[in-house]
Amino acid sequence: MPPAGFAILDQRGVLAVSGADRVAFLQGLVSNDVAKLAANRALYAALLTAQGKYLHDFIMVDAGEEIWLDGEAARLGDLKRRLSMYRLRAKVALDERPELAVAAMFGGGAIAALDLPEEPGAARRMGGDGIALVDPRLAALGARHVAPRETIPAELAQHGLVEADLAAYDRHRLALGIPDGSHDLITEKSILLESGFDELHGVDWQKGCYIGQELTARTKYRGLIKKRLFPVRVDGPAPAPGEVLTLDGKEAGEMRSARDGVGIALLRLEAVEDGRPLSAGAASVTALRPDWMRLDKSDPSAA
């Protein structure tokens with residue numbers, strides 16, 4: 001694990017959801033239980049199509065009178081548009097917050113440096129207007145700080161964190177097999193259980209209905225998953241996103257993103273179980289099994 005540092009994630013942006021009905025509004029739309037969101041707990045969630053296909057994923061942060069959605073900056077306008085379609089008479093406002101930025105803190109001791117427990121989603125106020133939180137997907141990924149952009153470097157320096165190259169964080173994420181929004185998930189095509197959302201705390205199976213809930217639940221309880229995102233080691237030139245990976249000349253999956261010999265690919269489970277490297281042009285691609293991933297299909301109710 002690299003030494004503790006931080007990187008400002010310019011590819012992330014913040015959409016603020018405010019108004020008296022903000023919790024109830026989001027509760028009927030997203031995959032996690034918004035009622036569990038609190039000042040000391042952030043959540044990971046997704047917005048789906050009615051057919052249970054991926055549209056957006058984001059981290060939800062309780063900022064008092066607002067809920068901040070930490071999402072993809074380039075697609076924040078689309079997220080706002082899609083949420084606005086369901087606003088109707090709800091007392092809710094949706095506003096992009098360009099003055100806020102998101103930083104990722106990672107490496108050995110990063111979470112402890114922020115006085116946070118190593119529990120996914122643990123959160124606290126930090127500085128005048130910022131919120132620090134352990135990544136709700138996986139504590140090993142590190143922590144995040146959502147705050148006014150100009151305050152972040154000095155605030156994190158006070159906690160002994162040194163600014164790092166964004167590429168270092170990206171390698172860390174890829175090695176853990178954590179997808180990065182639409183870079184690794186295909187809009188209106190990917191499904192949550194192929195993408196690790198169950199183990200990464202992105203779905204609450206006890207909450208009420210939300211868009212795409214029926215098909216998501218059916219996929220889980222009928223054990224219909226035949227392929228999944230895996231972290232991979234790449235030997236040779238990295239395959240382009242979408243490039244087909246083969247085993248004995250037969251399609252075994254497709255590449256998503258990669259950097260410096262590590263990447264993420266959507267692979268057929270039977271190909272992973274075979275254990276042999278896959279091929280893509282001159283590259284050899286080997287699936288890795290992260291500690292957080294469950295492949296046991298015998299207990300669909302397992303947490």
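Which residue stands opposite Gly5 in strand 11? Select Gly5 in this predicted model and look across to strand 11, where Val162 is the residue that stands opposite. Strand 1 (residues 5-8) and strand 11 run parallel and are joined by 2 bridges.

Widen the selection next to the sheet around this pair, an open sheet of 6 strands with mixed pairing and the order 8-9-10-7-1-11. Its edge strands are strand 8 (123-126) and strand 11 (162-163), each of which pairs on one side only. Then add helix 5 (residues 166-176), which lies across strand 1, strand 7 (100-106) and strand 10 and runs at about 65° to strand 7.

Stay with this region and pick Ala139, found in the loop between strand 9 (130-134) and strand 10 (143-148). Ala139 counts as buried because its relative accessibility is 14%, below the cut-off of 20%. Beyond its neighbours within four places in sequence, Ala139 is in contact with Ile111, Glu118, Pro120 and Val134. A distance label drawn from the C-alpha atom of Ala139 to that of Leu200, 61 residues apart along the chain, should read 9.9 Å.

Move now to the other sheet, an open one of 5 strands in the order 3-4-5-2-6, with antiparallel pairing. Strand 3 (43-48) and strand 6 (93-96) form its edges, each pairing on one side only, and the twist averages 30° from one strand to the next. Within this sheet, strand 4 (residues 54-62) and strand 5 (residues 66-72) pair in the antiparallel sense over 4 bridges, and Asp62 can be picked out opposite Ile67 in strand 5.

Select helix 2 (residues 76-84) and show the side chains of Leu76, Leu79, Arg82 and Leu83, which are buried. These residues are on the same side of helix 2 because they cover an arc of only 125° around the axis. The buried residues of helix 2 pack against strand 2 (12-18), helix 1 (22-27), strand 3, strand 4, strand 5 and strand 6.

Turn next to the charged side chains, for which a search of the whole structure finds 24 salt bridges. One of them joins Asp70 and Arg144 at 2.8 Å, N to O, and links distant parts of the chain, with Asp70 in strand 5 and Arg144 in strand 10, 74 residues apart. Both Asp70 and Arg144 are buried, and extending the selection to Arg12, Asp135 and Arg137 shows a network of salt bridges that links these residues with Asp70 and Arg144.

Another salt bridge to display is that of Lys36 and Asp204, at 2.7 Å, N to O. Lys36 sits in the loop between helix 1 and strand 3, and Asp204 in the loop between helix 5 and helix 6 (213-221), 168 residues apart. Lys36 is partly exposed at a relative accessible area of 36%, whereas Asp204 counts as buried at 8% relative accessibility.

Finish with the backbone at Asp248 and Asp260. Most residues other than glycine have a negative phi. Asp248, in the loop between strand 13 (244-247) and strand 14 (250-259), has a positive phi near 55°, and this residue counts as exposed at 60% relative accessibility. Asp260, in the loop between strand 14 and strand 15 (262-268), has a positive phi near 50° and counts as exposed at 56% relative accessibility.

How values were computed
Residues are numbered from 1 along each chain as its sequence is written. This is a predicted model: local features need pLDDT of at least 70, side-chain atom pairs count only at pLDDT 80 or more; totals for chains, interfaces and linings use all residues. Side-chain values use heavy atoms; hydrogens and water are left out. Buried means under 20% relative accessible area, exposed over 50%, partly exposed in between (1.4 Å probe, protein chains only). Contact means heavy atoms within 4.5 Å. Two strands pair if DSSP finds at least two bridges between them. Axes are lines fitted to C-alpha atoms, for helices over the stretch in contact, and angles run from 0 to 180 degrees between N-to-C directions. The arc is that of the directions from the helix axis to the C-beta atoms. A salt bridge is a side-chain nitrogen of Lys or Arg within 4 Å of a carboxyl oxygen of Asp or Glu.
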